[in-house]
Amino acid sequence: MTHYLYLVRHGEQQDAEHGMQDGPLSPRGVRQVRMLADRLGGVPFTGAYHSPLTRGEQTAKVLAERLPAIDPEPSNLLFDCIPSGPEPGTPKSFEPFFHGVSEAQIEAGHAQMDDAVAEFLSPSRADHHDLLITHNFVIAWFVREVLDAPTWRWLGLNAANASLTVIRHRPAKKPELLVFNDLGHLPAELRTGLPEVLPF
């Protein structure tokens, strides 16, 4: 009776470096997602959900082409969002990040993630393997929640494009982080979406 969550960040977005808020996957992003699909080929998925944003939807479509057993559904709980704002204890180095972020955005993001945790991060009466195709900040919030870290600690947790994070939740036990930002399925030249380029 174990609930597994497989959190996947969308593939690389076309022209993201030019400040586009949303858009299709780049050719490199499609390659990333195809390799991720090969990695996930043996998982007996019981559910699949994706962010309604274009890059999330296209990532779900590419995965479904290679994983015909899944039928991904859009979920507003997996939208990109800002899950919390500055608070006591937040390192000053993160303050510039919040310039231009409104209180309304923070309130909406926090409410969304409260609902997402309640919906997805729960034990199960039978073995479940759920695939969540989403965004960096959403994945970081789930990781922070599992580790019972301070609210601000999602900041600085970075998941690369098409990376894999796995959480396990068993009855009568706290959720466990099994894998974070696993990139073993991607060669070095396809590892994108991190603040710094990895040399390995």
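Which residues does Arg144 touch, not counting residues up to four places away in sequence? In this predicted model, the answer is Ala149, Pro150, Thr151, Arg153, Trp154 and Leu157. Arg144 itself sits in helix α4. With a relative accessible area of 7%, Arg144 falls under the 20% limit and is therefore buried.

Helix α4 also leads into the nonpolar interior. The largest nonpolar core comprises 27 residues, and Leu5 and Phe142 have the most contacts inside it. Two or more residues of this core come from each of β1 (3–9), α3 (103–120) and α4 (136–147). Among these elements, α4 makes the greatest contribution, with 7 residues. A second core, of 24 residues, lies apart from the largest one and includes Leu40, Phe45, Leu183 and Leu186. As a general background to such groupings, nonpolar side chains in soluble globular proteins tend to be buried together.

Leu5 offers a good view of the surroundings of the largest core. Once neighbours within four places in sequence are set aside, Leu5 is in contact with Phe120, Leu121, Asp130, Leu132, Phe142, Thr165, Val166 and Ile167. Of these partners, Thr165, Val166 and Ile167 belong to the side chains that point to one side or the other of β5, which brings the description to the sheet.

The sheet is open and has 6 strands, arranged in the order β3-β2-β4-β1-β5-β6 with mixed pairing. The edge positions are taken by β3 (73–74) and β6 (176–182); each has a single partner strand, so one side of each is left without a neighbour in the sheet. In general, the strands of a sheet pair through backbone hydrogen bonds, either parallel or antiparallel.

Parallel pairing is seen around β2. Strand β2 (residues 47–50) pairs with strand β4 (residues 128–134) in the parallel sense over 4 bridges, and within this pair the bridge partner of His50 in β4 is Ile133. The pairing of β2 with β3 is likewise parallel, over 2 bridges. Here Tyr49 has Glu73 in β3 as its bridge partner.

Antiparallel pairing is found on either side of β5. With β1, strand β5 pairs in the antiparallel sense over 6 bridges, and Val8 stands opposite Leu164 of β5. With β6, strand β5 (residues 164–169) is joined by 4 bridges, again antiparallel. Two positions illustrate this second pairing: Ile167 has Leu177 in β6 as its bridge partner, while Arg168 stands opposite Glu176 in β6. The strands β5 and β6 form a hairpin with 6 residues between them, and Ala172 in the turn has a positive phi of about 65°.

How many residues of β5 are buried? The count is 6 of the 6, so β5 is largely enclosed by the rest of the structure. Leu164, Val166 and Arg168 point one way from the strand, whereas Thr165, Ile167 and His169 point the other way. This arrangement can be read alongside the general pattern that, in a regular strand, side chains alternate between the two faces of the sheet.

Helix α3 contributes a buried glycine. Gly109 lies in α3 and has a relative accessible area of 2%; as this is under 20%, Gly109 is buried. Beyond residues up to four places away in sequence, Gly109 touches Cys81, Ile82 and Pro83. Gly109 and Gly85 are 24 residues apart in sequence, and their C-alpha atoms are 9.6 Å apart in space.

Helices α3 and α4 meet again in the description of the largest pocket, where each supplies at least two residues of the lining. The space within this pocket is about 890 Å³. There are 34 lining residues, and the closest to the pocket centre are Arg9, Arg55, Asp80, Asn136 and Phe137. The greatest contribution to the lining comes from α3, with 4 residues. By residue type, the lining divides into 14 nonpolar, 14 polar and 6 charged residues. Thus α4 gives the most to the largest nonpolar core, whereas α3 gives the most to the lining of the largest pocket.

Technical notes: Residues numbered from 1 in each chain as written. Predicted model: local features only at pLDDT ≥ 70, side-chain atom pairs only at ≥ 80, totals over all residues. Heavy atoms only, no water. Core = buried A, V, L, I, M, F, W, Y, C linked by side-chain atoms within 4.5 Å. Buried < 20%, exposed > 50% of the residue type's maximum accessible area, 1.4 Å probe, protein only. Contact = heavy atoms within 4.5 Å. 1 Å grid on protein atoms, 1.4 Å probe; cavity = no way out; pocket = protein on both sides within 12 Å on 5 of 7 lines; lining within 4 Å. Points joined across faces, edges and corners; volume = space filled by probe spheres on them. Nonpolar A, V, L, I, M, F, W, Y, C, P; charged D, E, K, R; others polar. Pairing = 2+ DSSP bridges.
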